[in-house]
Amino acid sequence: MADTGAENKRNGEGPIEVRFRGGGFAPKSLRWVGVVVFVVLIALVQWGTESGWISALTLPKPSDVLATFVQLWESGLLFKHLQPSLTRLVIGAALGASAGIGIGVLIGLFSYVRAGLVPLVAAIFPIPKIALLPLFVIWFGIDEGSKYALIAFGTFTPTVVATYGAVDNVDRSLIRMGQSFGLSWFSIVRKIVLPGAMPGILSGLRISLAIAIILLVAAEMLGAEYGIGAYILEAGSLYDLERLFAGVVILSLLGVLVSALIGLLEKRLLGWRV
Amino acid sequence: MGMDIRLDGICHFYGDTEVLRDISLEIPTGQIVCLVGPSGCGKSTLLRLIGGLERPGSGRVLQLGAPPSNSLNPLTFVFQDFALLPWRTVKGNISLVLEDHGIRGKRSKAIIDDVLTRTKLADFADALPKQLSGGMKQRVAIARALAVNPAVMLMDEPLSALDAQTRELLMDDLVALWTRQPFTAVYVTHNLAEAVRLGHTIVVLSRRPGRIREIVSIDTPIGERRAGDPVCQRKHDLLWELLREEARAADEELIDG
């Protein structure tokens, strides 16, 4: 069709249909593509390991990983590992995220808090929290305390940054409207600032909770008998790739689950968005 | 029983820029005073000064007489961008301004039903702002303003974000609202047709720094003004004569120059 168009133009005769040039740049929801990518990648690895051009030391066979996973499930060990990990994740992330949202809102609302804490947050954000684990063990004990602290600390900083950014982005004209109707300061914060900051806070949580999962492995480096992180670290030190991958897959699934939960929360709380 | 507003020698600066110079003006009860002027002349700033959202550099804004005792928020704004909370329904947006006065439940519902009926929104109480057209959103904002029973409505280009047809319809609605129950309003606009249609007095401001250039009053009752009415048309032309040079000069000014 491009041919005929060009032809007509050259001959200077006949109407030419206007060429469509407005396509693209509009994301569509194509859920199945993600699944296809996963399946193709796994199938490729399976085929590669079976035919031998991927050596057993490079990657484990996906079917073996699955078998390890099934075994883990059937022996009941999966839940023995999952239960303490989930507890640590939930408690640590809840502590860190709620402290982060609280401090972030205060930074957003009060200039003195902002001036005092923003540089501090910027200073502690890039510290690898894993490096502080020995310190946390001394401060909070080798038991659960240090693990909660590590995860909480790691979730705290990104949550603070996302939250005060979200508060800064609340539409000033809405706040002005609240003032013009004589709403109290507290009402303005509760009914205008917090709901207005919610989209930013939730998208910040997506990142901080992923970081919490990353830190789970670090937290279980010291003084943990059971836990997904401990399981992965043990498999790694024995170079048991099947178990290592089985553990990693569990973490990935955990990440997908958390992301889906936040998606659900967004649908619930942010249905008002255009 | 009524509250007048008096502006007494208002001057205002933003940094080193003088935006308003020596504005003295009387806003009598039950009348609509329109403020017109070229863009950047400080008419919206003047409105915010009247409503207490900004402090004047010098001069005073005075309330003469007490507002009606049932007025929850004597000076009430209607904004150009509507300023509705997108996460609250139409009903919720109106109850927002009642909650702080401890009005809930039955009393709140009665007020909300009343103002929604007056603004022809009764069927949309549970809609979210994103479901409404611009004209409907501004109706909600007007309903919200009526809910607090203002002594003076401060309207900041309320129709400027709407298309021409919707603007006509809303102007009719405002006229109907005023005829049923006269309210006091300061109405900022750059649209002379709106000013001529709604204003008892029209205050023409000069370009920055804004001064009062002329005060034009129209005696035709606002309920009887029609498009193409010769008196209104003459006033419109007179206002345009006054504004043309100011508008041209303002247009050619460098911003922050």
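These legends walk through several close-up views of a predicted model with chains A and B.

**View 1. Two helices of chain A cross.** The first close-up shows helix 3 (residues 62-74) and helix 11 (residues 241-269) of chain A, whose axes come within 8 Å and cross at roughly 70 degrees. Angles of 65 to 115 degrees count as roughly perpendicular, and helix 3 and helix 11 of chain A are therefore roughly perpendicular to each other. Where should you look for the residues that meet? In helix 3 of chain A, find Asp64(A), Val65(A), Thr68(A), Phe69(A) and Leu72(A). Their partners in helix 11 of chain A are Glu242(A), Arg243(A), Phe245(A), Ala246(A) and Val249(A). By class, the residues of this helix 3 and helix 11 contact are 6 nonpolar, 1 polar and 3 charged.

**View 2. Chain B touches chain A.** In this contact, chain B supplies 17 residues and chain A supplies 16. On the chain B side, strand 5 (75-78) and helix 2 (90-99) are the elements that give two or more residues. What classes of residue make up that side of chain B? There are 11 nonpolar, 3 polar and 3 charged residues.

**View 3. Two domains of chain B meet.** Chain B is divided into domain 1, which covers 4-68 + 151-252, and domain 2, which covers 84-150. Their C-alpha centres lie 25 Å apart. At the place where the domains touch, 11 residues of domain 1 are in contact with 7 residues of domain 2. On the domain 1 side, the elements giving two or more residues are strand 6 (152-156) and helix 5 (164-180) of chain B. The largest share of that side, 4 residues, comes from helix 5 of chain B. Sorted by class, the domain 1 side holds 10 nonpolar residues, 1 polar residue and no charged ones.

**View 4. The largest nonpolar core has 121 residues.** Nonpolar side chains tend to be buried together in soluble globular proteins. Which residues of this core touch the most other members? They are Ile151(A), Cys34(B), Ala147(B), Val152(B) and Val186(B). Helix 9 (residues 185-219) of chain A gives the most to the core, with 13 residues. Domain 1 and domain 2 of chain B both give residues too, so the core lies between them. Zoom in on Val152(B): apart from its neighbours within four places in sequence, Val152(B) is in contact with Met3(B), Ile5(B), Ile27(B), Pro74(B), Leu75(B), Thr184(B), Ala185(B) and Val186(B).

**View 5. A cis peptide bond sits in chain B.** The bond to find runs from Arg208(B) to Pro209(B), and its omega is near -5 degrees. Pro209(B) is in the loop between strand 8 (201-205) and strand 9 (212-217) of chain B.

**View 6. Tyr239(A) and Ala83(B) have positive phi values.** Phi is near 55 degrees for Tyr239(A), a residue other than glycine. You will find Tyr239(A) in the loop between helix 10 (228-237) and helix 11 of chain A. Phi is near 50 degrees for Ala83(B), again a residue other than glycine. Ala83(B) lies in the loop between strand 5 and helix 2 of chain B. Is Tyr239(A) buried or exposed? A residue counts as exposed if 12 or fewer other C-beta atoms lie within 10 Å of its own, and as buried if there are 20 or more. Tyr239(A) has 9 such atoms, so Tyr239(A) is exposed. Ala83(B) has 22, which means that Ala83(B) is buried.

Methods:
Residues numbered from 1 in each chain as written. Chains lettered and ligands numbered in written order. Predicted model: local features only at pLDDT ≥ 70, side-chain atom pairs only at ≥ 80, totals over all residues. Axes fitted to C-alpha atoms, helices over the stretch in contact; angles between N-to-C directions. Parallel < 35°, antiparallel > 145°, perpendicular 65-115°, else oblique. Nonpolar A, V, L, I, M, F, W, Y, C, P; charged D, E, K, R; others polar. Domains from an automatic or database assignment. Core = buried A, V, L, I, M, F, W, Y, C linked by C-beta atoms within 7 Å.
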